[in-house]
Amino acid sequence: MKNITQIIWIVLLIVCDVNAQQEKGIIGSSNWLNNWTEFKPNIVDYGEANQILAGSISVNTKLLKRNIYVLQGDVYVTNNAILTIEPGTKIIGDFQSKGALIITKGASLIADGLETDPIVFTSNASTKKAGDWGGIIILGDAPINKFGNYSSLNLELDPNFNTYGGTNSVSSSGIIRYVRIEFAGKKIKGNNNFSGLLLAGLGSKTIVENVMVSYCGGNSFDIFGGELNLNKMVSLRSKKDDFKFTQGTQCRIDNSLAIRSSYVSSDSDSRCVEVLGYERKEETDFSKKLTVVTATNLTMVNDSENLRADIQAGLIKSAVYIGENASLLFKRSVISGFNPAVLLDSNIEINDKNLKKMQFEAMYFNNCNGNIFTENNTNNEDLESWYGQSVFFNVYSKGNNSETFIDFSNDKKPDYRLQLSKITASK
């Protein structure tokens, strides 16, 4: 396997020239990945824990940077309490007890780190790997599209603290900013896993920005219902989905990054972006909103050394999956090295009504084995013709990443509209 840092140097799309205007992929007048992200978390020594978090937190509590905390088992924040975490604080998920942090409905998490002092959740295993501990779950009171407005997670949680959903679409469950979550996603009964960050029924006043989930055994980011804005999310080598949206969420995700590995994904359903109208059709109230996701300036990259061989071996699947009765508006984004780039549920009838719910504009599809397909259908001529119209400004390329994602510096003009540069080697 090629060293992950070599992949990052080649494919991450970021503008380092404040005068440059990048049109597709992640953007920024400076490298917003600097300082707070970590692409080699397995070699970082975070120190030994000196404080224990266990059971429930039922009063307002503050975690301090000077301490290192260990999550033992499932830790619940209850009774409308606020858990505040200082910038720079380290919280270690216990490998033996599979620790997890659950913010219950009505409670709040204020994890407001700094670019130069992020908050870190990681594993205490001697050899860290995906699924070492649980993850972070936040349960809110914003709408979902299940019958009765409320639901619970199928994650073996305490039934007294496992409810989410409601009617308050503008509620706040706190702040999650400049936070890293590493080696989460513990496995539970069946084929289910915790996610790195699961946000269920959260309202629009909840702030979620600059969050990195690395080496997760489940989905990196799970969004169940609610109304959220996500900005500058990073998912690195998740075993399952990087970003999953379901249960009627009304979500906007901007300026975010997913790096997948052919040899990490756990099954054929592992994708960068999965947009589903619901989890179970029989539990869905169709009088309520179905899932609508708007995604702009995303970069999704497969780090394969030999793309053709990995596709033939069945190791690479689609980057994006759209389920029945879901809507996805994708703009100014890059999808590189997938099979195909986008896959539509076989139950989606290709007609004007549904095509309006699945929009792809100003996209850059690079080195994908097909661009937009319907599941179980190898004839995609109609879809290629539709999304290939000049009005959508989509670009199709077959270049290698090392050739396509060129360095852009010193005001050189690129051959096409992307303006790209490598992350500095000091990363």
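## An exposed loop residue

At 60% relative accessibility, N154 counts as exposed, and its place in this predicted model is the loop between β10 (151-152) and β11 (163-164). Once its neighbours within four places in sequence are left aside, N154 is in contact with I188 and N192. The first of these contacts can also be described by its spacing, since N154 and I188 are 34 residues apart in sequence and 9.6 Å apart in space, C-alpha to C-alpha.

I188 appears again in the account of the nonpolar cores, where a core of 15 residues includes L155, L157, Y164 and I188.

## Nonpolar cores

In soluble globular proteins, nonpolar side chains tend to be buried together. Here the largest nonpolar core has 87 residues, and those with the most contacts inside it are I335 and F360. The core of 15 residues that includes I188 is a second one, separate from the largest.

Which residues does F360 touch, not counting those up to four places away in sequence? They are I322, L328, F330, V342, F365, I372, Y387, F392 and N394. One of these, F330, also stands opposite F360 in the pairing of strands, with F360 belonging to β25.

## Parallel strands around β22

Strand β22 (residues 327-331) is paired with two strands that are described here in turn. Strand β20 (residues 292-302) runs parallel to β22 and is joined to it by 5 bridges, and within this pairing the bridge partner of A295 is F330, a residue of β22.

Strand β25 (residues 358-361) also pairs with β22 in the parallel sense, over 4 bridges. F330 therefore takes part in both pairings, being the bridge partner of A295 and standing opposite F360 in β25, while F360 is, together with I335, among the residues with the most contacts inside the largest nonpolar core.

## Salt bridges between distant parts of the chain

A search of the whole structure finds 18 salt bridges. In one of them the side chains of K186 and D74 meet, at 3.4 Å from N to O, and this pair links distant parts of the chain, 112 residues apart, with K186 in the loop between β12 (174-182) and β13 (197-200) and D74 in strand β3 (residues 68-77). K186 is buried, with a relative accessible area of 10%, whereas D74, at 23% relative accessibility, counts as partly exposed.

K289 forms another salt bridge, with E227, and the closest N and O atoms are 3.5 Å apart. K289 lies in the loop between β19 (273-275) and β20, and E227 lies in strand β16 (residues 227-236), so the pair ties together parts that are 62 residues apart in sequence. K289 is exposed, with a relative accessible area of 52%, and E227 is partly exposed, with a value of 23%. The loop between β19 and β20 also holds K281, whose side chain meets that of E324 in a salt bridge (3.7 Å, N to O). E324 is in the loop between β21 (320-322) and β22, 43 residues from K281; K281 counts as partly exposed at 43% relative accessibility, as does E324 at 22%. Elsewhere, D112, R177 and E209 are linked in a network of salt bridges.

## A buried charge without a partner

D310 is found in helix α2 (residues 307-312). Is this residue paired or unpaired in terms of salt bridges? D310 is buried yet has no salt bridge, and the nearest side chain of opposite charge, that of R237, is 10 Å away. A salt bridge needs a side-chain nitrogen within 4 Å of a carboxyl oxygen, so the distance to R237 is well outside that limit.

The surroundings of D310 can be described through its contacts, which, leaving aside neighbours within four places in sequence, are with S262, Y263, S304, L315 and I316.

## Cysteines without a disulfide

A disulfide is a covalent bond between the sulfur atoms of two cysteines. In this model the count comes to 0 disulfides. C272 is in no disulfide, and the nearest cysteine sulfur, that of C368, is 9.6 Å away. Seen from the other side, the sulfur of C368 has its closest cysteine sulfur in C272, and at 9.6 Å this is too far for a bond.

Are these two cysteines buried or exposed? C272 is buried, with a relative accessible area of 0%, and C368, at 3% relative accessibility, counts as buried.

Note on methods. Residues numbered from 1 in each chain as written. Predicted model: local features only at pLDDT ≥ 70, side-chain atom pairs only at ≥ 80, totals over all residues. Heavy atoms only, no water. Buried < 20%, exposed > 50% of the residue type's maximum accessible area, 1.4 Å probe, protein only. Lys, Arg positive; Asp, Glu negative; His and termini not counted. Contact = heavy atoms within 4.5 Å. Pairing = 2+ DSSP bridges. Disulfide = S-S within 2.5 Å. Core = buried A, V, L, I, M, F, W, Y, C linked by side-chain atoms within 4.5 Å.
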